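Reader: Could you take me through one part of this model up close, starting from a single side chain and working outward? I would like the distances and cut-offs along the way.

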Amino acid sequence: MINQHTFKFGLGLFMLFLTTSLFSQEEKPTLSVEDYQEWQNLYWSNWISDDGQWMAYRVMLLNENDTLYIRSTDGTQEHTYAHASNPQFASNGQWVAIQQGFSPKKEEAMKKKKQPIENKMVLLNLETGED
């Protein structure tokens, strides 16, 4: 004969198995192409000014709308540049040079028109915020 503790233990295991199998049968949402385009990557490559007052990082989306952020380390100032990369801080901490390109769609249109694709250099004055 089964004692009361064994019966309760067996019943508890059965209930655990039953609820686990019921919850595992829930339908999970299907991701669409639009969902994937919202995914982001954060790119960080030791972009910190020598005086430690500024930092830079790049957020890359799968839909190729990349943004470079130049931000004061105290969080009070931020500058953003689309399709930009390779920030280089001046040793005195007053300037940052940035390479800025074009969106993939714009580049493709330029190629079709046989226009030269030349990235530009942006100089940002970190004291005034002017580029």
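**Around a glutamine in strand β6**

Author: Q100 counts as buried because its relative accessible area is 14%; buried means under 20%, exposed over 50% and partly exposed in between, with a 1.4 Å probe and protein chains only. Before we go further, please keep in mind that this is a predicted model, where local features need pLDDT of at least 70 and side-chain atom pairs count only at pLDDT 80 or more, while totals for chains, interfaces and linings use all residues. Residues are numbered from 1 along each chain as its sequence is written, and side-chain values use heavy atoms, with hydrogens and water left out.

Now back to our glutamine. Q100 sits in strand β6; strands here are DSSP runs of E with at least two residues, helices are runs of H or I with at least four, and both are numbered from the N terminus. Its side chain reaches the backbone oxygen of A82 at 3.0 Å. Setting aside residues up to four places away in sequence, Q100 touches Y81, A82, H83, A84, N119, K120 and V122, where contact means heavy atoms within 4.5 Å.

Strand β6 covers 95-100, and V96 makes a good second stop. Beyond its neighbours within four places in sequence, V96 is in contact with I70, P87, Q88, F89, V122, L123, L124 and L126. V122 therefore appears in the contact lists of both Q100 and V96, by the heavy-atom rule given above.

V96 also leads us into the largest nonpolar core, which has 13 residues; I70, Y81, F89, V96, I98 and L126 are those with the most contacts inside it. At least two residues of this core come from each of β2 (54-61), β3 (67-72), β5 (84-89), β6 (95-100) and β7 (120-125). By definition, such a core is a set of buried Ala, Val, Leu, Ile, Met, Phe, Trp, Tyr and Cys residues joined through side-chain atoms within 4.5 Å. In soluble globular proteins, nonpolar side chains tend to be buried together.

Just ahead of β6, Q94 lies in the loop between β5 and β6. With a relative accessible area of 30%, Q94 is partly exposed. Not counting neighbours within four places, its contacts are L124, N125, L126 and E127. The C-alpha atoms of Q94 and L124 are separated by 8.5 Å, although these residues are 30 apart along the chain. The side chains of Q94 and E127 make a polar contact at 3.1 Å. That term stands for a pair of N or O atoms within 3.5 Å; within protein, one must be able to donate a hydrogen and the other to accept it, and residues adjacent in sequence count only if both atoms are side-chain atoms.

Let us move over to β2 and β3. The ring search gives one aromatic pair. Y57 and Y69 form this pair, which is stacked at 5.0 Å centre to centre with 10° between the planes. It links distant parts of the chain, with Y57 in strand β2, Y69 in strand β3 and their positions 12 residues apart in sequence. For the rule itself, rings of Phe, Tyr and Trp (its six-membered ring) pair if their centres lie within 6.5 Å; planes under 30 degrees apart are stacked, over 60 edge-to-face and the rest tilted. Y57 counts as buried because its relative accessibility is 17%.

Charged side chains come next. The whole structure contains two salt bridges, each a side-chain nitrogen of Lys or Arg within 4 Å of a carboxyl oxygen of Asp or Glu. R58 pairs with D66, the closest N and O atoms being 3.0 Å apart. Here R58 is buried at 18% relative accessibility, and D66 is buried at 14%. E78 pairs with R71, again with the closest N and O atoms 3.0 Å apart. In this bridge E78 is partly exposed at 38%, and R71 is partly exposed at 28%.

R71 also brings in the loop between β1 (40-43) and β2, where Q53 lies. Leaving out neighbours within four places, Q53 is in contact with R71, S72 and T73. Q53 is partly exposed, at 43% relative accessibility.

Stepping back to the whole chain, there are three helices and seven strands, running α-α-β-β-β-β-β-β-α-β from the N terminus. Of its 131 residues, 22% count as buried.
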